[in-house]
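Student: Please take me through one part of this structure in detail, starting from the ligand and then following a single element into its surroundings. I would like to see how the pieces connect.

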Amino acid sequence: MNIRNITKKDIEPIARIAQEALNPIYGIGTLEEDIKIAAKMLEMCEPKYSFLAEEDGQVLGFLFARIQKEPYDEFPYGMALAVSPAQWNKGIATHLINKTIETLKQDSWDTFTFHALPENKRALKIYENMGFKTKKLFLSKSI
Ligand SMILES: CC(C)(COP(=O)(O)OP(=O)(O)OC[C@H]1O[C@@H](n2cnc3c(N)ncnc32)[C@H](O)[C@@H]1OP(=O)(O)O)[C@@H](O)C(=O)NCCC(=O)NCCS
C-alpha cells in the first residue's frame, strides 16, 4: 500500500469511495454531486496534509485536512476521512491519520481535530484507539 498526497486526477475515485462509505452516514447523493464535493474538498484542503492510500493504482481511502481558521483560533482539522468498505479493518484509516499527524508535527502543529457524529461508533472507536479525546461539547435540543 502506498500513501501519497491527493491530486486533481484522484477526484473521481475519491467520489466513488464517498458514495460507498460516506453517503450511508451523511445522506445519499449522486456520483456527480460527490465529484463536485470532492473537487471542492480538494480546493478547500491543505494539500500537503491531505493523503490517499492506493494499491496497484486503485484508491482505497482518503483523508482531507486543512488548517481551520476560527475568529480566535486556528487548528489542523480533518475535513473528511473514508475508506472503501471492502478495505475496512486493514489499518488504512490509521495509516492515513498517522501520515497527516507526522506531516503536521514537521510543521510544529501540536493538535489534530476531527468532528464525528455520536452514532458513528466505528469512527469514534478508531479516534479513541489513537488517543483522540472528546474536547468540545455542543448542547442542542429540538425546537
Ligand atoms: C471509519 C473508517 C474511516 C475506518 O477505516 P478503516 O480503514 O477500516 O480503519 P482502520 O482499519 O484503521 O481501523 C479499524 C480497526 O482496524 C484495526 N486495525 C488497525 N490496524 C490494523 C491492521 N493493520 N490490521 C487489521 N486491523 C487493524 C483498528 O484498531 C480498528 O479496530 P477496532 O476499531 O475494531 O478496535 C471507515 O470505516 C469508513 O470509511 N467509514 C465510513 C466513513 C466515516 O465514518 N468516516 C469518518 C467520519 S468522522
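**From the ligand shell to helix H3**

Tutor: Happily! The shell around the ligand holds 13 nonpolar, six polar and three charged residues. Here Ala, Val, Leu, Ile, Met, Phe, Trp, Tyr, Cys and Pro count as nonpolar, Asp, Glu, Lys and Arg as charged, and the others, including Gly, as polar. Bear in mind that this is a predicted model, in which local features need pLDDT of at least 70 and side-chain atom pairs count only at pLDDT 80 or more, while totals for chains, interfaces and linings use all residues. Residue numbers start from 1 along each chain as its sequence is written.

In total, 22 residues surround the ligand, and the closest are Trp88, Gly91, Ile92, Ala93 and Thr94. A residue is near the ligand if its C-beta atom, placed from the backbone, lies within 6 Å of it. Helix H1 (11-26), strand S4 (73-83), helix H3 (92-106) and helix H4 (121-129) each bring at least two residues to this shell, with H4 giving the most, five residues. Helices (H or I, at least four residues) and strands (E, at least two) are DSSP runs, numbered from the N terminus.

Now for H3 itself. Its 15 residues, at 1.5 Å a residue, should span 21 Å, and the end C-alpha atoms of H3 are indeed 21 Å apart; the expected span is 1.5 Å times one less than the number of residues. Ile92, Ala93, Leu96, Ile97, Lys99, Thr100 and Leu104 are the buried residues in H3. Viewed down the axis of H3, these buried residues fall within an arc of 155°, so they line one face of the helix; the arc is that of the directions from the helix axis to the C-beta atoms. Glu102, Lys105 and Gln106, on the other side of H3, are exposed. Buried means that 20 or more other C-beta atoms lie within 10 Å of a residue's own, exposed means 12 or fewer, and partly exposed lies in between, with C-beta atoms placed from the backbone. Following H3 comes Ser108, which has a positive phi near 70°.

What does the buried face meet? The buried residues of H3 pack against strand S1 (2-5), strand S2 (51-55), strand S3 (58-70), S4 and H4, where contact means C-beta atoms, placed from the backbone, within 7 Å.

That leads us to the sheet. It is open, with five strands in the order S1-S2-S3-S4-S5 and mixed pairing; two strands pair if DSSP finds at least two bridges between them. S1 and strand S5 (113-114) are the edge strands, each pairing on one side only.

Let's walk across it. S1 and S2 are antiparallel over four bridges, and Asn2 has Glu54 in S2 as its bridge partner. S2 and S3 also run antiparallel, joined by five bridges, one of which matches Leu52 with Phe62 in S3. The hairpin of S2 and S3 has two residues between the strands, and Asp56 there takes a positive phi near 50°. S3 and S4 pair antiparallel over 10 bridges and form a hairpin with two residues between them; Glu70 is bridged to Asp73 in S4. Finally, S4 and S5 are parallel over two bridges, with Phe114 in S5 as the bridge partner of Gly78.

Terms used
Two residues are in contact if their C-beta atoms, placed from the backbone, lie within 7 Å.
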